[in-house]
Amino acid sequence: MVGALTPKTQTESLYLALWCGDQMNGKVVRRPVEFHAMEFVEFIKTPKVDSVVLHRPFYPAIEGTLCLTGHHLILSSRKTNTEELWLLHSNIDAIEKKFSGSMGQLTIKCKNFMIIQLDINGMEECLNIASSIEMLSNLESVTLTYPFFYRPMADVLEDGWQAFLPETEFARMNTDDWRLSFVNKNFQVCPTYPQAVVVPKNIDDDCIMQAAAFRQGGRFPVLSYLHAANGTVILRSGQPLPGPNGKRCKEDESLLNSTLGIGKRGYIIDTRSYNSAVNSRSKDFYLILFPPGGGFETEAHYPQWRRVHKPLDRFSSLQESLTKLMEACNKNTNSMDKWLGHLGASSWLSNVKEVLTTACLVAQCVDRENSSVLVHGSEGLDATLQITSLAQIILNPDCRTVRGFEALVEREWVQSGHPFASRCAKSAYAGSKHKHTGPVFLLFLDCVGQILQQYQCSFEFNEKFLILLFENSYASQFGTFLCNNEHDRQALKLSTKTQSLWTYVNRPKILETYINPLYQPNSTVIWPSVAPQSLMLWCGLYLRWDMDKTVNDSTDAEIRKIQQNDKRLKIKAMQLRKQLAELQKEALEKGLIGE
């Protein structure tokens, strides 16, 4: 079976849930009936088909009834040990049709890399099902997606929408040199920033507004991380806009220089190549993508800053890389040379290496050279966030805890304007026709997984937690990763109309699944190896539908069992020591033993 789940988890499982009834004391817990809302009636031509056969790799075929609802594809078996498939339409990346006589065959490729095959009797029924799935998996209105209809049955112990507010996170910093500014109230300065941002205390809002006008998309330099050990900082922003005439902005220069101590120098890590940065200054060249002409910080105007170019692939190149990676993973070959050739041709691990190398460079500047760092590329929405986030994983032990990592994702990705709706609209199987898609967040999670593998005892969360975030970023019943920025989320009132992923995952019973049993708090900076031989394909994600996961699950269960037994024995030892001390005291009072 795939995903034998507890009753509570069954009702809230993501995407795929297949289970046996006899695993729950002989009872099958079914989801509540999902009625067809009027909005979806026109999309569902054939709501139910009998005698549909489901095929999956390494599992026996299952015959049952296929039903379509507004948000799910459901297949229910008629066997004694009832099996069910629940698949969110929004998780479907591509669908392929094939016919042989009156028999239709649908191959469904999902955003979480799962591939299933459905055999359907009747060409008309098969075409109707395929047409409905294609329409329901590509709904134009975000308000028609499942998070707006999902109603959890469990009580809300904590509102995830309120868990990591900028005000709360800033209060934890405990600094006198920085302040929380509301210059972006109502998103009037930068539509992709949150309304509250952390800026230098001695820079007023008027200066910030001038600097914002000089930065791509209004993304002026803001605080990403304050290193407690030496007070140095990591900043992020969009590129400056000097244009072809070399325009300057003294307010922007003042803002950046105010983050440096007296006599200190800083580094600007530009995630573009030098040639790309130079070409962006050409107005004719740059108007194609980002008017009114970009550029970089010149040494003449920013003498306290040293610029370093670390070119990283843009989201469009990453999309092509992921497509090739999954093609390699799905190829059936017994040749090691061919497998390694396909893997190398995808360049995915090369992208992992380059991103990790750049993050280590930023961390080294901050921790070892006592220098502050500004990170930006063009827009500051993709590679910039990868680097600032990974640098914090390396530097800050709090970011390696469950709560700290959630705060990091919320602060550096969700609130900072990574366009999840655009980047995660399609995954590896949809091809390159969607020009705004790209696995930027997935590449970040892969890099975190690489560090986790090298420092397995330094992370409170496990690989399953990273996979959970990956899945929810592409298709989810929660509203956390909907939309492209905070402005859009507030316009749709997501915090009142949908539930946060953090509300769900932070429930104690759910959180147990994602805790690393080997975790030992490590307060030091950790330095991952970026040597090619140190980096591995993330088999637990890219190959997980072709692997037996019970081995890892049983290993984790055994580790937890040993830890619980160890804890029990320690408590027993403490009780025995206490009893021994009391008996010694009593014997001493009665003169049975000498002092």
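**Group meeting: aromatic residues, a loop residue and a pocket**

Phe 459 and Phe 461 are both buried. I begin with these two residues, and I should say at once that the model under discussion is predicted.

Ring pairs join Phe 459 and Phe 461 to a cluster that also holds Phe 405, Trp 413, Phe 420, Phe 441, Phe 444, Phe 465, Phe 481 and Tyr 514. Across the structure there are 24 aromatic pairs. One of these is formed by Tyr 146 and Tyr 150, with ring centres 5.6 Å apart and planes at 55 degrees, so this pair is classed as tilted. Phe 459 and Phe 461 make an edge-to-face pair instead, at 5.5 Å centre to centre with 75 degrees between the planes.

Are the two tyrosines, Tyr 146 and Tyr 150, buried or exposed? Tyr 146 has a relative accessibility of 12% and therefore counts as buried. Tyr 150 is buried as well, because its relative accessible area is 6%, and the cut-off for burial is under 20%.

I turn now to Asn 462. This residue sits in the loop between helix 14, residues 440-454, and helix 15. Its relative accessibility is 8%, so Asn 462 counts as buried despite its place in a loop. Which residues does Asn 462 touch, once those up to four places away in sequence are set aside? They are Leu 452, Thr 513, Tyr 514, Ile 515, Asn 516 and Arg 560. Tyr 514, among these contacts, is also a member of the aromatic cluster. In addition, the C-alpha atoms of Asn 462 and Val 402 lie 9.2 Å apart, although 60 residues separate the two in sequence.

Next, the second largest pocket. Its space comes to about 760 Å³. The lining comprises 38 residues, of which Lys 111, Leu 139, Thr 145, Ala 421 and Ala 425 are the closest to the centre. Helix 13, residues 420-423, and helix 15, residues 463-474, are the elements that contribute two or more residues to this lining. By character, the lining residues are 17 nonpolar, 16 polar and five charged.

Finally, the protein chain as a whole. Its secondary structure consists of 21 helices and 14 strands. Of its 595 residues, 53% are buried. Among contacts with a separation of 6 or more, 69% are between residues 24 or more positions apart. The chain exposes about 27400 Å², and carbon and sulfur atoms supply 53% of that area.

Conventions. Residues are numbered from 1 along each chain as its sequence is written. This is a predicted model: local features need pLDDT of at least 70, side-chain atom pairs count only at pLDDT 80 or more; totals for chains, interfaces and linings use all residues. Side-chain values use heavy atoms; hydrogens and water are left out. On a 1 Å grid over the protein atoms alone, a cavity is a set of points where a 1.4 Å probe fits but cannot get out, and a pocket is an open set with protein on both sides within 12 Å along at least five of seven lines; lining residues have an atom within 4 Å of a point. Grid points are joined across faces, edges and corners, and a volume is the space filled by probe spheres set on the points. Helices (H or I, at least four residues) and strands (E, at least two) are DSSP runs, numbered from the N terminus. Ala, Val, Leu, Ile, Met, Phe, Trp, Tyr, Cys and Pro count as nonpolar, Asp, Glu, Lys and Arg as charged, and the others, Gly among them, as polar. Buried means under 20% relative accessible area, exposed over 50%, partly exposed in between (1.4 Å probe, protein chains only). Contact means heavy atoms within 4.5 Å. Accessible areas come from the Shrake-Rupley method with a 1.4 Å probe; for residues, only the protein chains shown count as cover. Rings of Phe, Tyr and Trp (its six-membered ring) pair if their centres lie within 6.5 Å; planes under 30 degrees apart count as stacked, over 60 as edge-to-face and the rest as tilted.
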